[in-house]
Amino acid sequence: MVKIGIVPSVATYNLLIHALFLDGRMAETDDLVKDVGEKRVLPDCITYNILINDYCRAENARKAFKFYDEMLSRGLQPTTVTYTSLIKVLGKRYRMKEADDLVVEILRKGILPDLIMFNALIDGHCANGNVERAFDILMEMNKMNVQPDEGRGIKPDHISYNTLISGYSRRGDMDDAFRVRDDMFSGGFNPTLLTYNALIQGLCKKQEGVLAEELLKEMVSKGITPDDSTYLALIEGIGDVDSFLGRKDPS
């Protein structure tokens, strides 16, 4: 197109930029972004959202925020998906204070964070070892759950609860992990394989093999099939492979 004197539209550039990201051709993406400016084609909201989301997926927080700042300076508004991507990359970079500040900024703009964004915050804080802050976010979600049928408020889902259960279990805080499990029941959600695996792994780390085996029986009775992670955790918790093999059948 360029060779015959036709300047691609911004929509065409957007498709090309995203395609290059998907193909892992980051250097060519940078060249194409420069080309957009040289051809005096103004990037639009979609351009910036693509760039920010894709750089976040590549875990390049510096470039993601470069385009975020540039986007805001031009008076363009990121989507909730883009904000969620920024929160995720901040979590991977152990920068959750900045993630919390970003949410405050979002709220000041009158944008209501959605469930996926809240779950990204919970996951980030749990991954960074700040499970108490993650629990506070869950409580904030419940307070915001005013009239969900009218599109107002956020109700935690099984991902919210399972992430917290995993966070407490990794730390060995099993009383808190089971408390969140009970809250999960109260919220109308049944435990999943992830729920049981997190609890069993947490119990086994504390050498509570007997309690872990009881949980195994419970999950099987509920029709949930254990996987390799379940059995590996149990072997570690029991500390005796021969003994485990003799008691592997939970029925």
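This report walks through a predicted model of a single protein chain, from its overall make-up to a few of its helices and loops.

## The chain as a whole

Let's begin with the broad view. The chain contains 14 helices and zero strands, so its pattern along the sequence can be written as α-α-α-α-α-α-α-α-α-α-α-α-α-α. Of the 251 residues in the chain, 43% are buried. Take the contacts between residues at least 6 apart in sequence: 58% of them join residues at least 24 apart.

## Repeats from the record

An unreviewed UniProt entry places the feature "repeat: PPR" at residues 9–43, 44–78, 79–113, 114–148, 157–191 and 192–226. Here is how two of these spans look in the model. Residues 44–78 are 74% helix and 0% strand, and their end C-alpha atoms lie 11 Å apart. For residues 192–226, the end C-alpha atoms lie 10 Å apart, with 74% helix and 0% strand in the span.

## The nonpolar core

In soluble globular proteins, nonpolar side chains tend to be buried together. In this model, the largest nonpolar core has 66 residues. Which residues have the most contacts inside it? They are Leu 86, Leu 164 and Ile 200.

Try finding Leu 86 in the structure. Setting aside its neighbours within four places in sequence, Leu 86 touches Ile 52, Cys 56, Ala 64, Phe 65, Tyr 68 and Leu 102. Leu 86 is one of the buried residues of helix H5, while Leu 102 is among those buried in helix H6.

## Helix H5 and the turn after it

Helix H5 has 13 residues and spans 19 Å from its first C-alpha to its last, close to the 18 Å expected at 1.5 Å a residue. Its buried residues are Thr 82, Tyr 83, Thr 84, Ser 85, Leu 86, Ile 87, Val 89, Leu 90 and Gly 91. These buried residues pack against H3 (45–57), H4, H6 and H7.

Most residues other than glycine have a negative phi. Tyr 94 is worth a look here: its phi is positive, near 60°, and it is not a glycine. Tyr 94 sits in the loop between H5 and H6, and it counts as exposed because its relative accessibility is 65%.

## Helix H6: one side in, one side out

Helix H6 covers residues 96–108 and reaches 18 Å from its first C-alpha to its last, close to the 18 Å expected for its 13 residues at 1.5 Å a residue. The buried residues of H6 are Met 96, Ala 99, Asp 100, Leu 102, Val 103 and Ile 106. They cover an arc of only 155° around the axis, so they sit on the same side of H6. An α-helix has 3.6 residues a turn, so residues three or four places apart point the same way.

What do the buried residues of H6 pack against? Their partners are H4 (61–73), H5 (80–92), H7 (115–127) and H8. The face of H6 turned away from its buried side carries the exposed residues Lys 97 and Arg 108. Just after H6 comes Gly 110, with a positive phi of about 85°.

## Helix H10: another one-sided helix

Helix H10 runs over residues 174–186, and its 13 residues reach 18 Å from first C-alpha to last, close to the 18 Å expected at 1.5 Å a residue. Met 174, Ala 177, Val 180, Arg 181 and Met 184 are its buried residues. Viewed down the axis of H10, they fall within an arc of 120°, which means that they line one face of the helix.

The buried residues of H10 are covered by parts that include H8 (131–144), H9 (158–171), H11 (193–205) and H12 (209–221). On the face turned away from the buried side, H10 carries the exposed residues Asp 175 and Ser 186. Gly 188 follows H10 and has a positive phi, near 90°.

## Cysteines and one more loop

How many disulfides are there in the whole structure? A search finds zero. Two cysteines can still be placed: Cys 126 is buried at 4% relative accessibility, and Cys 204 is buried with a relative accessible area of 3%.

One last stop is Gln 207, in the loop between H11 and H12. Gln 207 has a positive phi of about 60° although it is not a glycine. With a relative accessible area of 54%, Gln 207 is exposed.

Technical notes:
Residues numbered from 1 in each chain as written. Predicted model: local features only at pLDDT ≥ 70, side-chain atom pairs only at ≥ 80, totals over all residues. Heavy atoms only, no water. UniProt positions renumbered as here; feature names shortened; annotations may be inferred. Helix = DSSP H or I, 4+ residues; strand = E, 2+ residues; numbered from the N terminus. Core = buried A, V, L, I, M, F, W, Y, C linked by side-chain atoms within 4.5 Å. Buried < 20%, exposed > 50% of the residue type's maximum accessible area, 1.4 Å probe, protein only. Contact = heavy atoms within 4.5 Å. Expected span 1.5 Å × (residues − 1). Arc of directions from axis to C-beta. Disulfide = S-S within 2.5 Å.
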